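Reader: Hello! I am new to this structure and would love a close look at one part of it, the aromatic rings, with enough of the surroundings to find my way.

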Amino acid sequence: MTKQAKIKLDANSIPPPKKKRGRKRTKKRYFTEDTELAIGEYLASNSQTERDIIYNQRIHYALYKLAENLIHTFKFYYTEVDNLEDLKHEVIVFLLEKLNYFDPTKGSKAFSYFSIVGKNYLILYNNNNYKKKKITTDVMAADEDDGVLHQLGRDGRKQEIKDFIDYFTEYIDKHMFTMFKKDKDRKVCDAINVLFKRRENLEIFNKKALYIYIREMTQVETPVITKVTKALKKVYKELYNEYAETGYVKV
């Protein structure tokens, strides 16, 4: 056998390289069915030792990831702490304080409940820190640094309307779970309520753009958004009539 033939033979005898098997990336769920069950077991237990074990092994990670996602998804970056890990810790402590208020017998999902109370906590926290920042920092510098120039030059809303909307959002927070029975409806209701709370920072005024924005936030179909919007509009009118007559809303 010639050298050339030998080389050819050796080349043919080399097995072809193995194809790399591509794996589809799947989004790992952090708030699972086991988390929901664990919260039920935690609430049902009278033993602090058992509660600690359940929390540390089956609940803590879900609340940690939920806090992380809320901060980054809604960009709650006006903070008094230097490290976002400290902010996550504050959110987790708040959620833990609210854990005993959750009632799984009402048919609500723990994930929906903690998403809403966590988001509301961060909205208040974020807004308060933004106000402090504008007091202690040059206003133009603060807005240029954080990309919120639209805040300047906007006409101030009438105090009466501002007070009413504060009452309205508080009312919705308290009664959302009785007003809407389906998770989809609650997600939309919560998203709309968040927009009311963050109205000072909102640049969208077009109805169609708002619908698209809410749909992106909730991943819910437009007919559901329309249905919930109509229900909230009815409540809004009823509460405003009450506010106009009495000067307050019974939350």
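Author: Happy to help; here is a short orientation, then the aromatic rings, and then a neighbouring topic or two.

This is a predicted model, in which local features need pLDDT of at least 70 and side-chain atom pairs count only at pLDDT 80 or more, while totals for chains, interfaces and linings use all residues. Residues are numbered from 1 along each chain as its sequence is written, and side-chain values use heavy atoms, with hydrogens and water left out.

The protein has 10 helices and zero strands; helices (H or I, at least four residues) and strands (E, at least two) are DSSP runs, numbered from the N terminus. Of its 251 residues, 35% are buried, where buried means under 20% relative accessible area, exposed over 50%, and partly exposed in between (1.4 Å probe, protein chains only). Contact means heavy atoms within 4.5 Å. Among contacts between residues at least 6 apart in sequence, 66% join residues at least 24 apart.

Now to the rings. Rings of Phe, Tyr and Trp (its six-membered ring) pair if their centres lie within 6.5 Å; planes under 30 degrees apart count as stacked, over 60 as edge-to-face and the rest as tilted. The whole structure holds 12 aromatic pairs. In one of them, the ring centres of phenylalanine 164 and tyrosine 240 are 5.0 Å apart and the planes stand at 85°, so this pair is edge-to-face. Phenylalanine 164 belongs to helix H7 (residues 159-179) and tyrosine 240 to helix H10 (residues 222-246), so the pair ties together parts 76 residues apart in sequence. Phenylalanine 164 is buried, at a relative accessible area of 0%, whereas tyrosine 240 is partly exposed at 26%.

A second pair joins phenylalanine 168 and phenylalanine 196: their centres lie 5.2 Å apart with planes at 65°, so this pair is edge-to-face. Phenylalanine 168 is in helix H7 and phenylalanine 196 in helix H8 (residues 183-197), so parts 28 residues apart in sequence are tied together. Here phenylalanine 168 is buried, with 2% relative accessibility, and phenylalanine 196 is partly exposed, with 23%. These four residues and Tyr236 form one aromatic cluster: Phe164, Phe168, Phe196, Tyr236 and Tyr240.

Another aromatic residue to look at is phenylalanine 74, in the loop between helix H3 (48-73) and H4. Phenylalanine 74 is buried, with a relative accessible area of 16%. Leaving aside residues up to four places away in sequence, phenylalanine 74 touches Asn69, Lys119, Arg198 and Met217. Its C-alpha atom is separated by 9.1 Å from that of isoleucine 123, which is 49 residues away along the chain.

Following that loop leads to helix H4 (residues 84-98). The buried residues of H4 are Leu87, Lys88, Val91, Ile92, Phe94 and Leu95. Viewed down the axis of H4, they fall within an arc of 160°, so they line one face of the helix; the arc is that of the directions from the helix axis to the C-beta atoms.

Finally, a word on confidence. pLDDT is the predictor's confidence in each residue, from 0 to 100. The protein averages 76, and 69% of the residues score at least 70. Among its elements, helix H1 (residues 3-13) has the lowest mean pLDDT (41) and helix H2 (residues 33-44) the highest (95). Where pLDDT is low, the predicted coordinates should not be read in detail.
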